[in-house]
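Open the model in your viewer and keep a selection tool at hand. The stops below follow one another, each starting with something to select.

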Amino acid sequence: MDFISILSIFVLACFVGYYVVWSVTPALHTPLMSVTNAISSVIVVGALIAAASSGSVQSKWLGLIGVALASVNIFGGFAVTYRMLAMYKKKER
Amino acid sequence: MSAPEVHTDVIHVIPSWVLIAYLISGVCFILALRGLSSPDSSRRGNIIGMIGMTIAVVTTLATHEIATLWEIAAAILIGGGIGLVTARRIQMTAMPQLVAAFHSLVGMAAVLVGAAAFLNPSAFGIVDGSGAILGVSRIEMGLGVAIGAITFSGSVIAFLKLNGNMSGKPILLPARHWINLAVGLAIFFFIYGFWHSQSPIDFWTLTALAFVIGFLLIIPIGGADMPVVISMLNSYSGWAAAAMGFTLHNTAMIITGALVGSSGAILSYIMCKAMNRSFISVIAGGFGAVEAAGSAAAIDRPYKRGSAEDAAFLMKQSDKVIVVPGYGMAVAQAQHVLREMGDLLKKEGVEVKYAIHPVAGRMPGHMNVLLAEANVPYDEVFELEDINSEFAQADVAFVIGANDVTNPAAKTDKSSPIYGMPVLDVEKARTVLFVKRSMGGVGYAGVDNELFYRDNTMMLLADAKKMVEEIVKALG
């Protein structure tokens with residue numbers, strides 16, 4: 001992919017983000033933060049590439065540490081969001 | 001940069017199914033956020049987010065030859081285990097600290113990925129024919145590592161402040177704006193140098209400087225501004241992921257980075273507006289340090305003090321009670337007994353509602369989570385603009401652990417540091433019951449609250465949890 005296509009995706013995604021986030025109800029702003037935390041750990045993709053390749057030992061170890069850190073976030077972020085969302089209940093009528 | 005244009009034989013051709021898989025993963029993340037528009041759809045959204053993450057990870061593993069599968073599995077198990085245990089054990093009151101800690105991990109991961117890409121660029125497919133890193137990738141890497149490092153050290157400071165390991169008071173270095181400016185410019189200078197020569201010294205120096213500026217940016221910001229800081233760092237962690245996505249040409253990372261970046265930016269904006277502060281003045285820091293001096297004089301004014309029995313009697317006779325919780329409720333862990341009080345009142349035929357100010361608590365939406373944890377139905381909980389007109393019809397406004405967000409001075413006193421901040425109109429209720437530990441303390445803004453001395457205010461001076469427990473006893 002060339003730089004311009006990547007930039008296009010980025011700019012459009014910013015707009016999508018803008019509209020999607022404004023539609024989030026304020027009551028769920030804390031779960032919003034924890035779930036954005038979890039998904040921004042998609043950076044694990046980069047860490048996996050580094051950890052998987054055999055070219056450089058330092059790079060491999062940096063990648064492995066990166067995988068571990070991002071995993072804390074992925075599992076922790078989704079789990080804590082799940083736990084919070086399960087608490088929101090409607091009035092029993 | 002003089003190498004001939006031989007890109008075709010080094011940039012490996014990525015099969016289209018891989019590109020589509022990353023795109024699907026990005027769309028899943030959009031849907032995960034979209035789900036949060038209502039509590040009903042949010043749980044499904046969260047599951048879709050997990051699916052998106054799984055797609056991204058599996059796609060990556062499937063398309064790279066894995067020299068170290070066991071090591072990777074071990075890293076995921078260790079990290080995932082720590083994450084799951086923390087997520088299960090963490091108290092809801094400690095959510096701001098946890099989120100700050102998570103932000104720091106995203107930042108650090110971005111730095112590590114950037115450093116790994118620098119040390120082994122061919123694994124990431126970002127080298128040209130001569131083995132040098134592509135020019136545009138150098139800039140993207142430099143920016144990504146810098147933002148990641150700022151996110152890391154900034155979040156560590158935010159964590160220490162929120163967790164109480166470090167005082168919430170702003171730490172003001174002399175000439176701090178000039179220091180920050182100098183360090184900021186230096187970072188850009190070294191990114192330029194790195195782009196120019198791909199020198200390791202430039203790369204590591206810019207990384208180190210970014211760690212330093214992240215630290216410098218957050219230490220002058222006081223406890224009251226933490227909701228803004230934590231949202232801002234949320235935004236940074238997104239931009240760091242996006243910058244790395246540019247480096248790796250990865251759609252999932254770019255979409256996610258843009259989403260998270262916008263999300264944090266919007267939350268910062270909402271928080272700033274709720275405090276009537278400009279983003280710049282929050283970043284510049286120092287709030288709550290200077291103003292605190294002016295408030296000592298007002299302490300000796302007469303006020304009415306009531307007992308738990310008085311409060312119980314008043315509320316029992318009411319038609320409508322609006323509860324206004326604040327961070328003090330969270331500190332006292334009073335949310336469960338508060339809900340018990342609400343249940344008893346409802347049994348007596350009283351209408352009970354909860355009013356939440358956007359900056360009540362230490363992060364956006366914090367109070368809503370605490371009330372949800374205590375089983376308060378979310379359709380009894382209202383935001384400022386939805387409930388403010390109802391105070392005039394309420395018999396009792398029950399303020400517990402909130403202070404500045406109820407201060408009428410924000411509407412009338414131009415000299416007040418919180419003037420112009422949107423506040424809850426609690427004084428319009430027939431009676432205001434104000435739970436507070438003692439008359440001495442002031443809110444985070446360091447200003448006295450006019451409300452304490454009004455005729456229709458009754459102060460309930462005690463620990464929030466104890467007071468509500470006694471009210472529950474008196475009601476039962």
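Start in chain B, with the loop between α9 (251-275) and α10 (279-284), and select Arg277(B), which lies in that loop. This is a predicted model, so no experiment stands behind the positions on display. Is Arg277(B) buried or exposed? Arg277(B) has a relative accessible area of 15%; the cut-off for buried is under 20%, so Arg277(B) counts as buried. Now add Asp225(B) to the selection: its side chain and that of Arg277(B) are joined by a polar contact of 2.6 Å.

Next, stay in chain B and select helix α3, residues 69-89. At 1.5 Å a residue, its 21 residues should span 30 Å, and the C-alpha atoms at its two ends are 30 Å apart, so the expected and the computed span agree.

Within α3(B), colour the buried residues: Ile72(B), Ala75(B), Gly79(B), Gly80(B), Gly83(B) and Ala87(B). They lie on the same side of α3(B), because the arc they cover around the axis is only 115°. The spacing behind such a pattern is general: an α-helix has 3.6 residues a turn, so residues three or four places apart point the same way.

Turn to the other side of α3(B) and pick out Trp70(B), Leu77(B), Ile78(B), Arg88(B) and Arg89(B), which are exposed there.

What covers the buried residues of α3(B)? Show α2 (39-63) of chain B, then α3 (44-52) and α4 (57-85) of chain A; these helices are among the cover.

That leads to the interface between the chains. Select the residues in contact across it: 79 in chain A and 103 in chain B. The two chains bury about 8,100 Å² between them, with 78% of that area on carbon and sulfur atoms. On the chain A side, select Met33(A), Ile43(A) and Tyr88(A): these lose the most area to chain B, together 9% of what that side buries.

For the charged pairs, select Lys60(A) and Glu71(B), which form a salt bridge with their closest N and O atoms 3.4 Å apart. The rule finds two salt bridges across the interface of chain A and chain B. Polar contacts between the chains amount to 21 residue pairs, counted with both residues at pLDDT 80 or more.

Finish with the helices of chain A. At least two residues of the side touching chain B come from each of α1 (3-22), α2 (29-40), α3 and α4 of chain A. Select α4(A) last: α4(A) supplies the largest share of that side, 25 residues.

How values were computed. Residues numbered from 1 in each chain as written. Chains lettered and ligands numbered in written order. Predicted model: local features only at pLDDT ≥ 70, side-chain atom pairs only at ≥ 80, totals over all residues. Heavy atoms only, no water. Helix = DSSP H or I, 4+ residues; strand = E, 2+ residues; numbered from the N terminus. Expected span 1.5 Å × (residues − 1). Buried < 20%, exposed > 50% of the residue type's maximum accessible area, 1.4 Å probe, protein only. Arc of directions from axis to C-beta. Contact = heavy atoms within 4.5 Å. Polar contact = N/O pair within 3.5 Å; in protein donor to acceptor, adjacent residues only side chain to side chain. Buried area = accessible area lost by both parts, 1.4 Å probe. Salt bridge = Lys/Arg side-chain N within 4 Å of Asp/Glu carboxyl O.
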